[in-house]
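Please find my notes on the structure below. They are set out as numbered points, to be read beside the sequence and the coordinates.

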Amino acid sequence: MLQMSLPAYSSRDGEVPGLLEALRVASGEIFIGEGPEPAVIILLPDEQAVRAVQPDFKALAGLHLFLAIVTAPGNEQDIASRVFCPSVGIDEDPVTGAAHAALVPFWAERIGRQRFTALQASRRSGLLDCELRGDRVILGGHAVTVIEGHFQI
């Protein structure tokens, strides 16, 4: 398992006009992450609702959000999420460390544990081991080598 350490970002209640409509969800609680490029977290009722999201990517891109994260309690993992960022050229990111820098503190507070598992339910999907360690988020997961090379400086 590979691990990486990221800064932990808290979040607060917020509003983003047009966001729920762009995500094509009837309702959800909105939280704004407090990172340098804030992530917006949309809390949905369950993993099925997360998987069912079919965004209007053009409308979502028009909101100029860094990350729009839909999340809910998971079925087999503790939490589930999907991450959309069309304003930076990626409709749906398959597995996103930056999103979990906000998700881990968000969920640690709600589930009362510093360590838990996460599913990012993109088409490719990814399983993450998540830990809130002080002001850091430790993410672990299995990786597959897709390219190898050498370079000389």
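1. Which residues does Ile 69 touch, not counting residues up to four places away in sequence? The model is predicted, and in it Ile 69 touches Ala 39, Val 40, Ile 41, Ile 42, Ser 81, Arg 82, Val 83, Ala 99 and Leu 103.

2. Ile 69 also belongs to the largest nonpolar core, a set of 25 residues. Ile 69 is listed there among the residues with the most contacts inside the core, together with Ile 41, Leu 67, Val 104, Trp 107, Phe 116 and Cys 130. Two or more residues each come from β4 (39-43), β5 (67-73), β6 (79-85), α4 (97-111), β8 (115-120), β9 (126-133) and β10. Helix α4 gives the most, with eight residues. A second core, separate from this one, has 19 residues, including Leu 19, Leu 23, Leu 44 and Val 70.

3. Cys 130, in strand β9, deserves its own entry. Cys 130 counts as buried because its relative accessibility is 0%, where the cut-off for buried is under 20%. Leaving out residues up to four places away in sequence, Cys 130 touches His 100, Val 104, Gln 114, Arg 115, Phe 116, Ala 118, Ile 138 and Leu 139. Between the C-alpha atoms of Cys 130 and Asp 78 there are 9.9 Å, although 52 residues separate the two along the chain.

4. Asp 129 is also in strand β9. Its relative accessibility is 14%, so Asp 129 counts as buried. Residues up to four places away in sequence aside, Asp 129 touches Met 1, Arg 115, Phe 116, Ile 138, Leu 139 and Gly 140. With Arg 115 there is a polar contact between side chains at 2.6 Å, and the two residues also form a salt bridge, with the closest N and O atoms 2.6 Å apart. Because Asp 129 lies in strand β9 and Arg 115 in strand β8, the pair ties together parts that are 14 residues apart in sequence. Arg 115 itself is partly exposed, with a relative accessible area of 47%.

5. The whole structure has six salt bridges. As background, side chains of opposite charge can pair when their charged atoms come close. Another of the six joins the side chains of Asp 78 and Arg 113, at 2.8 Å from N to O. Asp 78 sits in the loop between β5 and β6 and Arg 113 in the loop between α4 and β8, so this pair ties together parts that are 35 residues apart in sequence. Asp 78 counts as partly exposed at 28% relative accessibility, and Arg 113 is partly exposed at 36%.

6. What about a salt bridge within one helix? Glu 47 and Arg 51 form one, with 2.9 Å between the closest N and O atoms. Both residues lie in helix α2 (residues 47-52), four residues apart, or about one turn of the helix. Glu 47 counts as buried, because its relative accessibility is 5%, whereas Arg 51, at 42%, counts as partly exposed.

7. Last, the surface. Val 144, Val 146 and Ile 147 make a nonpolar patch of about 400 Å². Ile 147 is placed in the segment after β10 (136-141). Is Ile 147 buried or exposed? Its relative accessibility is 72%, so Ile 147 counts as exposed.

Conventions: Residues are numbered from 1 along each chain as its sequence is written. This is a predicted model: local features need pLDDT of at least 70, side-chain atom pairs count only at pLDDT 80 or more; totals for chains, interfaces and linings use all residues. Side-chain values use heavy atoms; hydrogens and water are left out. Patches are made of residues with over 30% relative accessible area and no salt bridge: like charges are joined within 9 Å, nonpolar side chains (Val, Leu, Ile, Met, Phe, Trp, Tyr) within 5 Å. Accessible areas come from the Shrake-Rupley method with a 1.4 Å probe; for residues, only the protein chains shown count as cover. A salt bridge is a side-chain nitrogen of Lys or Arg within 4 Å of a carboxyl oxygen of Asp or Glu. Buried means under 20% relative accessible area, exposed over 50%, partly exposed in between (1.4 Å probe, protein chains only). A nonpolar core is a set of buried Ala, Val, Leu, Ile, Met, Phe, Trp, Tyr and Cys residues joined through side-chain atoms within 4.5 Å. Contact means heavy atoms within 4.5 Å. A polar contact is a pair of N or O atoms within 3.5 Å; within protein, one must be able to donate a hydrogen and the other to accept it, and residues adjacent in sequence count only if both atoms are side-chain atoms.
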